[in-house]
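Colleague: I have not worked with this structure before. Could you take me through some of its parts?

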Amino acid sequence: MTTHERPVDSVLETIGRTPLVRLHETPGTVRIYAKLESFNPGASVKDRIGRYMLERMLERGDVPAGGTVIEPTAGNTGIGLAIAAEQLGLDAIFVVPERFSLEKQQLMSALGAKVINTPTEDGMGGAIDRANQLAEELDDAAVPQQFSNPLNTEAHYETTAPEIYEALDGEVGAVVAGCGTAGTLMGIARYALEQDAATHVTAVEPEGSVYGELFDEDREEDEYKTEGIGTHDTGTNELFDPELVDDIQAVADSEAHDELKRLAREEGHLVASSAGAASVAAKRVARRIDEGELETPHDTIVTVFPDSSERYLSKGIYRSFEEWTS
Ligand code: PMP
């Protein structure tokens, strides 16, 4: 089911059931399908965890009715949480490192949330510390903390993954997805491995990110432009479980950028850099399957396109690589 054909009462009910669309630059008989998460009302994959985490937290009494949620976020999670918070009667405050896109910060404010910036050089770790500090100052506040909250992974285990398996009648050979918090990949991977333990799982990070180190691979830590995936500091990779992952692909910013432009030109997908990186990695896995290097239960690969390029136009995402700014 990828459409919402019946009228619904709340925007929250339009979250999920996003389309799964075949990509066409694939070798041999291997098929790659991308789940288009920009079809969510806040236009990203993070609407799923926004709704899921807040509903569960209210049920469990982790945040009181009418209370405040405070979250460190690159932006998309803020938008997803802001939509859900307003509909569920909660206030929202977001702590965002300065480098992240202005479009996202404007949308969080438009949705009624308060946005506080932290210095880019303090990284996501700085935003996490500031959010925790603010929560201590207020007595009705809670921090969902997407980077360590198992509800983040669970949202994808309960929604994204079953949607994929239903759409493909269970015929999934490999799952390939970028890791920011890693909630998306971990949730889908856990579900996938329960269906068939031989399903291949590939994590994707930008070159310069150090997720690979958890996987015993050498990684040179560096800046990268690809937005929404990768990790620099240990505070942001707690959900990542190397046990569920078969390989980790590092994708250069330039490759992700070439691919997001190709996806627009040739396939009609207005997607951003993390989708470009996911597509590059999915094609690497496809080549290995096609060349007989990798055996998977089916020759179908599923990846996730987390959001839309429209959110990054001010950063020159469709300009030359040099003009695209992080
Ligand atoms: N792409 C974008 C654009 C994102 O905002 C995020 C979330 N940080 C991701 C990919 C990665 O998703 P996850 O946090 O579930 O790993």
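Modeller: The following exchange covers a sheet, some helices and one residue in a loop. Please keep in mind that this is a predicted model.

Colleague: Let us begin with the sheet. What is the order of the strands in the open sheet of 6 strands?

Modeller: The order is β1-β2-β10-β7-β8-β9, and the pairing is mixed. At the edges are β1 (20-23) and β9, each of which pairs on one side only. On average, neighbouring strands of this sheet are turned by 25° against each other, direction ignored.

Colleague: How many bridges join β7 to β10?

Modeller: There are 3 bridges between β7 (residues 174-178) and β10 (residues 300-305), and these two strands run parallel. One residue pair can be named: V176 has T303 in β10 as its bridge partner.

Colleague: Turning to helices, is α2 largely enclosed or open?

Modeller: Helix α2 is largely enclosed by the rest of the structure, because 10 of its 12 residues are buried. Those buried residues are N76, T77, G78, I79, G80, L81, A82, I83, A84 and A85.

Colleague: What covers the buried residues of α2?

Modeller: The cover includes α1 (46-60), β3 (68-72), β4 (91-97) and α3 (102-110).

Colleague: And what span should the 12 residues of α2 have?

Modeller: At 1.5 Å a residue, α2 (residues 76-87) should span 16 Å, and its end C-alpha atoms lie 17 Å apart, which agrees. After α2 comes G89, which has a positive phi, near 75°.

Colleague: At what angle do the axes of α7 and α8 cross?

Modeller: The axes of α7 (residues 253-267) and α8 (residues 273-290) cross at roughly 95° and come within 7 Å. That angle makes α7 roughly perpendicular to α8.

Colleague: Which residues make the contact?

Modeller: From α7 they are E255, A256, H257, E259, L260 and L263, while α8 contributes S273, A275, G276, A277, S279 and V280. By class, this contact of α7 with α8 has 6 nonpolar, 4 polar and 2 charged residues.

Colleague: One last topic. Where is E227, and is E227 buried or exposed?

Modeller: E227 sits in the loop between β8 (200-206) and β9 (247-251). E227 has 26 other C-beta atoms within 10 Å, and 20 or more are required for a residue to count as buried, so E227 is buried.

Colleague: What is E227 in contact with, leaving aside its neighbours within four places in sequence?

Modeller: With those set aside, the contacts of E227 are A74, S101, A272, S273, S274, Y312 and S326. For Y312, which is 85 residues apart from E227 along the chain, the separation of the two C-alpha atoms is 9.4 Å.

Terms used
Residues are numbered from 1 along each chain as its sequence is written. This is a predicted model: local features need pLDDT of at least 70, side-chain atom pairs count only at pLDDT 80 or more; totals for chains, interfaces and linings use all residues. Axes are lines fitted to C-alpha atoms, for helices over the stretch in contact, and angles run from 0 to 180 degrees between N-to-C directions. Helices (H or I, at least four residues) and strands (E, at least two) are DSSP runs, numbered from the N terminus. Angles under 35 degrees count as roughly parallel, over 145 as roughly antiparallel, 65 to 115 as roughly perpendicular and the rest as oblique. Two residues are in contact if their C-beta atoms, placed from the backbone, lie within 7 Å. Ala, Val, Leu, Ile, Met, Phe, Trp, Tyr, Cys and Pro count as nonpolar, Asp, Glu, Lys and Arg as charged, and the others, Gly among them, as polar. The expected span of a helix is 1.5 Å times one less than its number of residues. Two strands pair if DSSP finds at least two bridges between them.
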